[in-house]
Every structure is written in structure tokens, then in C-alpha cells.
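Trainee: Could you take me through one part of this model up close, and then show me how other parts of the chain are held together? I'm still learning to read structures, so please go step by step.

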Amino acid sequence: MRYTTLLTLASGLLQPPGILFAVAIFGWLLEILGWRYFGRILLLLALATLYFLSTAVGARMLVFPLENRYPPLLKPMHGPAAPQAIVVLGGGEIMDAPGKKGETVNARTLIRLLGAARLASATGLPIVPSGGAPRLGAAPEAVTMAAVLRQDLHITTLIWPETHSYNTAANAFDSATLLASHDVQRIYLVTSALHMPRAMAWFARTPLQVIPVPTDYRLDRVRDDTLDAWLPRAIYQEVCSEAVHEYLGLFWLWVQEHSAAKGV
């Protein structure tokens, strides 16, 4: 089993709803074995958490600290310290989409590409779409992204696809390697606002100077204190799962940094 497959499996089990199903099953087994009090507590805990993470209130609690970490870019920078290229990170593809030959970008990646395209149109800077092959035999995600930039968004600036990366860490290091060959030290980084804190943490480990350009905000900023904010919806559960994925990624990065500092 590949390392990336193990990471995907671990992530699926540790973020909701996978972790909640695991807690509920464990509670059910405890009840069967006679530990009814502890088993029922775990079952109720799993159900209560599942409900809370399916509401707008729960989603805001998890998502806003990530999405608000970096402010939106209101206008491009100018002068000698301005970025020299735009790096946009892949966020997934749709395989064998009807009406398309092969792969096409999903909605998350498309919004990121729109942000990069607007920035490129305003600055004339080259774009680096970053993403490797999602499965064996498939085209790299960066190639699909480059095709969308050219054919659908009509971008005419240079495009330098980074086609090797398979996760955010590799996005950072592989993009830095590619950009070094073009003598680029300063970049705009375009990705989902939810993903930006983890992306910035990895890019900070490279020689690149990075200006964050968050996009793809997942939740309304209009405060809603009505009963509707407490009604469970699948969309909130989905975004909470993504937020937990980001927190787990940041925690793993923290563990790695502290292990390295202690020489472990």
C-alpha cells in the first residue's frame, strides 16, 4: 500500500463522519460486552457531535478561524518587491465527467483557477498550476488546470504546470523547485481560504516569499442567529469534515516540527 493511500485512509478515519462512526461502533460494542453506561455515553456523544457539525453554528465555529486567518487580496502589488508569478493549487478533479473526454476540474479547483485568472489578467504574471496525477495513467491535475485556463478562461500569459505533487507539502516544494529554474523568488499563492493556513505553513518551509490570495470561501458572513442556524444540513457536515482535515494537517505539521526540534 502506498504512503499516500495510508494518509488518505488515516484522514478518512480521523475526520468526521468516519471518526464518529468509529466512536459509535465502539460504544455499541461496549454495550454488548456489558459496559452499558460507557457504551451509551459514547453513542450519545457521537450522535450529538454529528448533529452539531451538521449545523451552521458548528460549521462557523470550525471554519471561520481558518478562513479568516489571511485577508483577501484587494489589489495586486506593484514595485520591485511585487510577486513574479502566481501559484494556484489543485483542489481535485471529476473523473470521466459526462460531456468531457477524460478529467475536468471540480468546483473547488475552478474557483481557485478563476482567482488566479483574474490576478493574471491584472498583472500579466505567469501561472503555475500545481497538482500531480490523481490516479495511475491519468493526466496530471496541473495539465487539466492549464487546459481550463487556456480554453475556458482564455488566459494568454505564460503557464508553467507543476505536475508531480500529490499533497500540499509536495505542492510547496515542487513548485519552489520549478520556480527556481525560472529565477522566481516571490509569488502569489491562490487556494481556498479554508486551505490557506496549511498551504502557507508548507510554503514557509521553502525559499519563496509568499503573498496569500485566499478564495473559495465556504460559508456566508451574514450572521444568522435564527432557528435555521441550528437545523442540520449535509452541506455543513461536508465543510466541517474539510475543516477537521485542515486542523489535522496543521497538527501533523506541528508534530513534525517539534520532533525535528527535539532531534527525534
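Mentor: Happy to! The buried residues of helix α3 pack against α2, which covers residues 18–32. Keep in mind that this is a predicted model. Which residues of α3 are the buried ones? They are G39, L42 and A46. These three cover an arc of only 65 degrees around the axis, so they sit on the same side of α3. Now turn to the face of α3 directed away from that buried side: there you find the exposed residues R36, Y37, L44 and L47.

You can also check the length of this helix yourself. With 17 residues, from 36 to 52, and 1.5 Å a residue, α3 should span 24 Å; its end C-alpha atoms are 24 Å apart, so the two values agree.

Next, look at R40, which makes a salt bridge with E31; their closest N and O atoms are 3.0 Å apart. R40 counts as partly exposed because its relative accessibility is 45%. E31, with 22%, is partly exposed too.

That pair is one of 7 salt bridges. For a contrast in setting, find E246 and R198, whose closest N and O atoms are 2.8 Å apart. This bridge links distant parts of the chain, since E246 belongs to helix α9 (residues 234–261) and R198 to helix α8, 48 residues apart. Are these two buried or exposed? Both E246 and R198 are buried.

Helix α9 takes part in another bridge: R218 pairs with E242, with 2.4 Å between the closest N and O atoms. R218 lies in the loop between β6 (209–215) and α9, while E242 is in helix α9, so the pair ties together parts that are 24 residues apart in sequence. R218 is partly exposed, having a relative accessible area of 25%, whereas E242 counts as buried because its relative accessibility is 17%. Together with R108, these two residues are linked in a network of salt bridges.

Finally, let's follow α8 into the nonpolar interior. The largest nonpolar core has 20 residues, and V87, L179, I187, L189, F203, L208 and V210 touch the most other members. β1 (85–89), α7 (168–180), β5 (186–192) and α8 (196–203) each supply at least two residues of this core, with α8 giving the most, 5 residues. Try zooming in on L179: beyond its neighbours within four places in sequence, its contacts include V87, W160, I187 and L208. A second, separate core of 19 residues has A116, L125, A146 and Y188 among its members.

How values were computed. Residues numbered from 1 in each chain as written. Predicted model: local features only at pLDDT ≥ 70, side-chain atom pairs only at ≥ 80, totals over all residues. Heavy atoms only, no water. Core = buried A, V, L, I, M, F, W, Y, C linked by side-chain atoms within 4.5 Å. Buried < 20%, exposed > 50% of the residue type's maximum accessible area, 1.4 Å probe, protein only. Helix = DSSP H or I, 4+ residues; strand = E, 2+ residues; numbered from the N terminus. Contact = heavy atoms within 4.5 Å. Expected span 1.5 Å × (residues − 1). Arc of directions from axis to C-beta. Salt bridge = Lys/Arg side-chain N within 4 Å of Asp/Glu carboxyl O.
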